[in-house]
Each structure stands twice: as structure tokens, then as C-alpha cells.
Amino acid sequence: MTSQKNTQIIRWTVILSSFIIVALILWNTYDFFQKFKHEERAKMEILAKAYERFSSANLNTDISLEAKIIGNNHNIPMIITNEKDSITEWANLDSVKVKKKGYLAKQLFIMKSQNKPINVSYKGESLKQYIFYRDSDLLTKLKYYPIALILILFLFASVIYLFFKSNKVAEQNKLWTGMAKETAHQIGTPLSSLLGWIEILRLENTNENTIKEIENDVHRLNTIAERFSKIGSIPELKEQNVVAATSASFDYLKLRSSKQVIFKFDSSKKEIYAKINLQLFSWVIENLVKNAIDAMEGKGKIALAITENEKNVTITITDTGKGIPKHLQHEIFTPGFTTKKRGWGLGLSLAKRIIEDYHNGKITVLKSEIGKGTTFSITLKK
């Protein structure tokens, strides 16, 4: 508990410190922007004075300094207008775009929106001109720097978040794997005892059919234990008859389901081979068939069909249940997602992982209609 509390304190300290650092950087950037903007304004006011003296000078006046000031403006875009708002001169604008109609008028509009004009009086103040200017390219880039900084910090924070999240998921997966393997180990002890009791029942001349059904259930428990023991490790794939493996799981559930559910099994061949892990593959089939039974609420029809081509084996499971809404069809494979009142929402996500991660296949909702039913499709590579 103390360790968790310390972790929370450290986490919030880091987050708060990050916000303070970002706030300080943004404030300093804003302060620098304002100072730079004031400096540009001062430069333009000096330039205006130079224009004023240049325009009012006579032949004997030394205007070399004014000419130098005017000539040194290479980075601040500007437009000079007369009293009638007609453009008389411009500088530091795109020489190609200037030739296009409306470009100067558009630039003048931008300049008016960014900065107040500077008056230039000459000929005894009888004539006036106005200098309009907009922020230099450097100042414009500086304006967008905080946005770029925030985006970089956001991406950095996202990477950190995903890193911690992946670590947390890895820890959870490790925990679930450990629990699954421990469950398999715990199931093994009573299974051994049950096998001994079956032999005792035979010695007592118990009905062989009864013993056979008990053996089937014990075998089923042993299969479940093997499945749990394989969680978290890479399963071994072997060339197996997919028809026989699918039929065994299908028939097992058929015998233990309501008589109001009609089961139909169809295959293009008696033997179709693909590389599968028998225990995990049968788990997928059972999950899908159980979901179909639940969707029909114990009454309806389940049809399983197996087909093949040169590259793939395709298994389709169709029920006549309530169907899946279209907006939920991509979410049903998400761990924890369930529409049932009771359930963990792990069956379909586990099925997807087994088929796609372990068997390099694909499982999808082929089609689904509300009130008519759903068809799941499993594709395995040969």
C-alpha cells in the first residue's frame, strides 16, 4: 500500500513539474515574441522617419544615412499607400506573386489587421503617406513555436503513456498466465483421483455406458487443463484433420445441449488437413458454438460447414439467434466486451487470439442480421 502511494506521489509530481516547465517555456516564448514585435515596430518607425526625410530633402541635403536605412530593410514585408489608400510602393514581398491580380490588396489587408500604420509626412506636412507592414517570417515562425512545442510534448507524453500502459498490460498478462497455469495444475490432482474411481466402478460392474460418459467428461476436464497450461506459451502446431477435430467438439456440445437446438454439420470432405493445435482449436469451436446457443436462448438451429480451396480451410458457424448490431460487430472481439448479464467477455477475444496470433488465420463476423442470426467465419492456412 505504501509502495503504491509513493508511486502515485512520484507520478503526480512528475506531471505537475512537466506542466510548470511547459508553462514557463510558453510564457518566456510569449514574452520574447512581444519584445521582438516591439523591436520590429521601432525599426519601422525609424524607417518611416528615413522615408520622411528622404522625401523632403533637396539637392544639397546629405541623405546617405536615410538611403542606407531604407536599403537595409530586407526582412519586414511592407506596403506604402497615399492618402487615398492607393498603393505607391512595396518591399520584401514575393516578386512573382506581386504580378498576380489581388495579391497586393490581400497583403495590405493582412498588414492592416496585424499592425497600426505609421504616418509619413513630407512637403511641409501637406502630403501624407502610410506605411503598413506585417510580421517578419522569423516572428511568424516564433508565433507558431508554442504550438509545435505543445504537439511535441503531447507526442512525448503519448509515448510515455503507451509505454506504461504496455507494461501494465504485460504485468496483467503475466498474472493471468500464472493463474491459468496454476488452475491447470490444481485440476490435475482431482483428475488423477477420478480416473482411479472409474476403475473401481468397472470392478463394481457399473453400467458401461455410464462409465463411458464419465470418462468423456474426465477427458473433457483433462483437455481444459491442457488448454490452461498452454496459455502464455507458443503452442505447437501439427498437421491435423480439421474435420475430425471440429466434429468432435461440435458433437460433444450437441449431446449436452437442449433438444430444442438443431445441430447440422456439413463438410466438403471427410478429411481436410491443416496445421493446428488440437486443444486450442477445439476451444475456439466450443466458444463459438456456446455463443450461438446463448444467442438463440436455447432454441434454434446451428449449422457448421467446412470447405477448402488450394490455400485455405474455411469454417463457418451460423445460428438463428438475435444477431449482432452492426456498430458492435468490431467490438465483440475486444477483451472484456460482453452483452450478457453474466460473463467476462473473454471468449471471443481469446478465440481471435488463438486463430490470428497462434494459427496465423482469421476470424470474422461474416454477416449478422438482427432477429435472424449471425455467421462467424474462421479461415486457416493449409
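Visitor: Which residues are linked in a network of salt bridges?
Guide: E199, R202, E208 and E215 are linked in such a network. Keep in mind that this is a predicted model. The structure holds 13 salt bridges.

Visitor: How do I read one link of that network? What is the N to O distance between E199 and R202?
Guide: Look at the side chains. Those of E199 and R202 meet in a salt bridge at 3.5 Å, N to O. Both residues lie in helix α4, three residues apart, or about one turn of the helix.

Visitor: Where do E215 and R202 lie?
Guide: Start with the contact. The side chains of E215 and R202 meet in a salt bridge at 3.0 Å, N to O. This pair links distant parts of the chain: R202 is in helix α4 and E215 is in helix α5 (residues 208-230), 13 residues apart.

Visitor: Why do E199, R202 and E215 count as partly exposed?
Guide: Partly exposed runs from 20% to 50% relative accessible area. E199 has 45%, so E199 falls in that class. R202 is partly exposed because its value is 29%. E215 has 25%, so E215 is partly exposed as well.

Visitor: Which salt bridge does K352 make, and at what distance?
Guide: K352 and E356 meet through their side chains, at 3.1 Å from N to O. They are separated by about one helical turn, because they are four residues apart in helix α8 (residues 347-358). E356 counts as partly exposed because its relative accessible area is 25%. K352 is partly exposed too, with 27%.

Visitor: Now the nonpolar surface. Which residues make the nonpolar patch?
Guide: F156, I160, F163 and F164 make a nonpolar surface patch of about 440 Å². Take F163 as the example. F163 lies in helix α4 (residues 137-203). Its relative accessibility is 47%, so F163 counts as partly exposed.

Visitor: What does the interior look like? Is I80 buried or exposed?
Guide: The cut-off for buried is under 20% relative accessible area. I80 is at 2%, so I80 counts as buried. The place of I80 is in strand β1. Leaving out residues up to four places away in sequence, I80 touches Y51, S86, I87, T88, E89, Q129, Y130 and I131. The C-alpha atoms of I80 and A91 are 8.8 Å apart, with their positions eleven residues apart along the chain counted as separation.

Visitor: Which residues does S282 touch?
Guide: S282 touches R227 and S249, again not counting residues up to four places away in sequence. S282 lies in helix α7. S282 is buried because its relative accessible area is 9%. Across the protein, buried residues make up 31% of the 382 residues.

Visitor: On to backbone angles. Which phi values should catch my eye?
Guide: Most residues other than glycine have a negative phi. Here, D85 has a positive phi near 65 degrees. D85 lies in the loop between β1 (78-82) and β2. E297 also has a positive phi, near 55 degrees. The place of E297 is in the loop between α7 (278-295) and β8 (300-308).

Visitor: Why does E297 count as exposed?
Guide: Exposed means over 50% relative accessible area. E297 is at 66%, so E297 is exposed. D85 is at 38%, so D85 counts as partly exposed.

Visitor: How many bridges join β10 to β11?
Guide: Seven bridges join strand β10 (residues 362-369) to strand β11 (residues 373-381), and the two run antiparallel. For one pair, find T364: its bridge partner in β11 is S377. The two strands form a hairpin with three residues between them. In the turn, G371 has a positive phi of about 85 degrees.

Visitor: Which backbone nitrogens does the side chain of D94 reach?
Guide: The side chain of D94 reaches the backbone nitrogen of V96 at 2.9 Å. The D94 side chain also reaches the backbone nitrogen of K97, at 3.2 Å. D94 is found in the loop between β2 (87-91) and α3 (103-114). With 34% relative accessibility, D94 counts as partly exposed.

Visitor: How many helices and strands does the protein have?
Guide: Eight helices and eleven strands. Residues 24 or more positions apart account for 66% of the contacts with a separation of 6 or more. The accessible surface comes to about 25400 Å², and 59% of that belongs to carbon and sulfur atoms.

Key: Residues numbered from 1 in each chain as written. Predicted model: local features only at pLDDT ≥ 70, side-chain atom pairs only at ≥ 80, totals over all residues. Heavy atoms only, no water. Patch = residues over 30% accessible without salt bridge, like charges linked within 9 Å, V, L, I, M, F, W, Y side chains within 5 Å. Areas by Shrake-Rupley, 256 points an atom, 1.4 Å probe, with all protein chains shown as cover. Salt bridge = Lys/Arg side-chain N within 4 Å of Asp/Glu carboxyl O. Buried < 20%, exposed > 50% of the residue type's maximum accessible area, 1.4 Å probe, protein only. Contact = heavy atoms within 4.5 Å. Pairing = 2+ DSSP bridges. Polar contact = N/O pair within 3.5 Å; in protein donor to acceptor, adjacent residues only side chain to side chain.
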